[in-house]
Amino acid sequence: MKEGHALISVRPSEGCLGAQIAGVDLSQPWSDATFGEVREALHEHHVIVLRNQPASLPAESFLDFAARFGRPEPHVLDQFHHPTHPDILILSNVKKDGKPVGLADGGTYWHTDYSYLEVPARATLLYSIEVPAEGGDTLFSDQEQAYADLPETTRRRIDGLVTLNLYGNRDDLDPVSRTIAYPLTDEQKEQRSISVIRHPLVRRHPYTGRKALYSVSGTSFAIEGMPDGEALALLRELAAHSTQAEYRYRVSYGVGDVVVWDNASVLHSATLTNPRYPRTLWRITTKEAERPVV
Ligand SMILES: [Fe+2]
C-alpha cells in the first residue's frame, strides 16, 4: 500500500503512469474522503484501474461515481446511448438482429476525449461487461512526462502555441477505415455546431497545475499562425515523441473492471477487437469545469 492513503490502496505500475486501486466497491455507499483519495491517485498516476467491481453494477452506481469527477456529457453518437441513461455510451462489437448494439472500433487512434469541444473532457470512465478472448486493450501515454522530457529549446518554442481542433482523426479520413472517427449524421453535426476549436498545445492541469502536451494527436490539424505543413509536421513529431513505448501503459480488461483516465494528462487509443469475440463496455465522459486557457 502506498503511504498517504488511509482508505484505499494504490499499486502504481512499473512505468511512469497507471495504478491499480483496491478497497473501493462501487456498488456500496462510500465517503467523500474515499473519493478524495481516488481522485488524488488519478491526478498522480493519470490512469487508475479498479478491478473486479460487481459484474452487474447498476447504471446508477456507475453514474454516481463518474459524476464525482465532473459533469457527465452524453456523447454526440446518440444512436449508441444506454436506453435509459443517455450519459452512458455503449461500446460494443455485438450485433442484435443485424444491428450494432453499441459503437464498435471507437477511438482506435491516439487522442484525448472531447478535444473537439470548447470545454473538453475531464475524466473518462469505462466499465467492462463482456471481455473478448483477444484484443480490446486500451493504450495510454503520459503527456506530462513526455513534455518534461523535451529539450528546453523545444519546450520554449511550443509553450503558448494554440492548436486548432475538429471532430475526427486528422491522420485517417478514409471513410472505410476501421480507425476513422465514427462519422456523424447531418443532424448530429448540426447539434454539435461543428466549428474549429482552439486549445493550448501545452496545457496546465486544472488541479495540479503541471504542464503537459495536449491534443497533439487526434483532433488537432493546425497551429495558429504557423504554415499548415510546418504545423502538421510539428504536431506529428510531438505525437511520435509522446506516444513512445517508455510513456505507455496498457490496460487489459477483466469482467467488472473499471478504468478511469485523466484527459488533461494522457492520450489514449483503443486497440481493435476481433469481431468473432464479443466485447461490451459502458463509457461515461465527464467535462472540465472550464475551458483550458489559451
Ligand atoms: Fe476516447
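**Entry 1: the β11-β10-β14 sheet**

I started with an open sheet of 3 strands, ordered β11-β10-β14 and paired antiparallel. This is a predicted model, so I read everything below with that in mind. β11 (197-200) and β14 stand at the edges with a single partner strand each, so one side of each has no neighbour in the sheet. On average, neighbouring strands here are turned by 40° against each other, direction ignored.

Next I looked at how β10 meets β11. Strand β10 (residues 162-165) runs antiparallel to β11, and 4 bridges join them. If you want a pair to click on, Asn165 has Ile197 in β11 as its bridge partner.

I also asked what lies across β10 and β14. Helix α6 (residues 228-242) does, running at about 125° to β14.

**Entry 2: the β15-β9-β17 sheet**

Another open sheet has 3 strands in the order β15-β9-β17, with antiparallel pairing. Its edge strands are β15 (248-251) and β17, each pairing on one side only. Neighbouring strands of this sheet are turned by 20° on average, direction ignored.

I followed strand β9 (residues 138-142) along β15 and found antiparallel pairing over 4 bridges. Ser141 stands opposite Arg248 in β15.

**Entry 3: the iron site**

Which protein atoms are the donors of the iron ion? I found His111 (NE2), Asp113 (OD) and His268 (NE2), lying 2.1 to 2.2 Å from the ion. Along the chain, the donors follow the spacing H-x1-D-x154-H. The two histidines link distant parts of the chain, 157 residues apart: His111 is in the loop between β7 and β8 (121-130), while His268 is in strand β17 (residues 266-270). That ties this entry back to the sheet of Entry 2, where β17 is an edge strand. Both His111 and His268 are buried.

**Entry 4: the β1-β2 hairpin**

I then went to the start of the strand list. Strand β1 (residues 9-12) and strand β2 (residues 19-22) run antiparallel and are joined by 4 bridges. Ser9 has Ala22 in β2 as its bridge partner. The two strands form a hairpin with 6 residues between them, and Gly18 in the turn has a positive phi of about 95°.

**Entry 5: helix α1**

I checked the length of α1 (32-45). Its 14 residues should span 20 Å at 1.5 Å a residue, and the end C-alpha atoms are 20 Å apart, so the two agree.

Which residues of α1 are buried? My list reads Thr34, Phe35, Glu37, Val38, Ala41, Leu42, His43 and His45. Their cover includes β1, β2, β3, α2, β8 and β16, so the hairpin strands of Entry 4 are part of it. Just after α1 comes His46, with a positive phi near 75°.

**Entry 6: the nonpolar cores**

The largest nonpolar core has 29 residues, and Val38, Leu50, Phe62, Phe65, Phe69 and Val260 touch the most other members. Elements that each supply at least two residues include β2, α1, β3 (47-50), α2 (59-67), β8, β16 (258-262) and β18 (280-287). The element giving the most is α2, with 5 residues.

I picked Phe69 for a closer look. Setting aside neighbours within four places in sequence, Phe69 is in contact with Phe35, Val38, Leu42, Arg122, Ala123, Leu125, Val260 and Thr286. Three of those names, Phe35, Val38 and Leu42, are also on my list of buried α1 residues.

There is a second, separate core of 24 residues, with Leu77, Leu89, Tyr167 and Leu281 among them.

**Entry 7: two positive phi angles**

Last, I compared two residues that have positive phi without being glycines. Asp97 has a phi of about 50° and sits in the loop between β6 (95-96) and β7 (99-100). Ser215 has a phi of about 55° and lies in the loop between β13 (211-213) and β14 (220-223), so I was back at an edge strand from Entry 1.

Is each one buried or exposed? Asp97 is exposed, with a relative accessible area of 80%. Ser215 is buried, with a relative accessible area of 1%. I counted anything under 20% as buried and anything over 50% as exposed.

Definitions and conventions
Residues numbered from 1 in each chain as written. Predicted model: local features only at pLDDT ≥ 70, side-chain atom pairs only at ≥ 80, totals over all residues. Heavy atoms only, no water. Buried < 20%, exposed > 50% of the residue type's maximum accessible area, 1.4 Å probe, protein only. Pairing = 2+ DSSP bridges. Donors = N, O, S within 2.8 Å, 3.2 Å for Na, K, Ca; no water. Core = buried A, V, L, I, M, F, W, Y, C linked by side-chain atoms within 4.5 Å. Contact = heavy atoms within 4.5 Å. Axes fitted to C-alpha atoms, helices over the stretch in contact; angles between N-to-C directions. Expected span 1.5 Å × (residues − 1).
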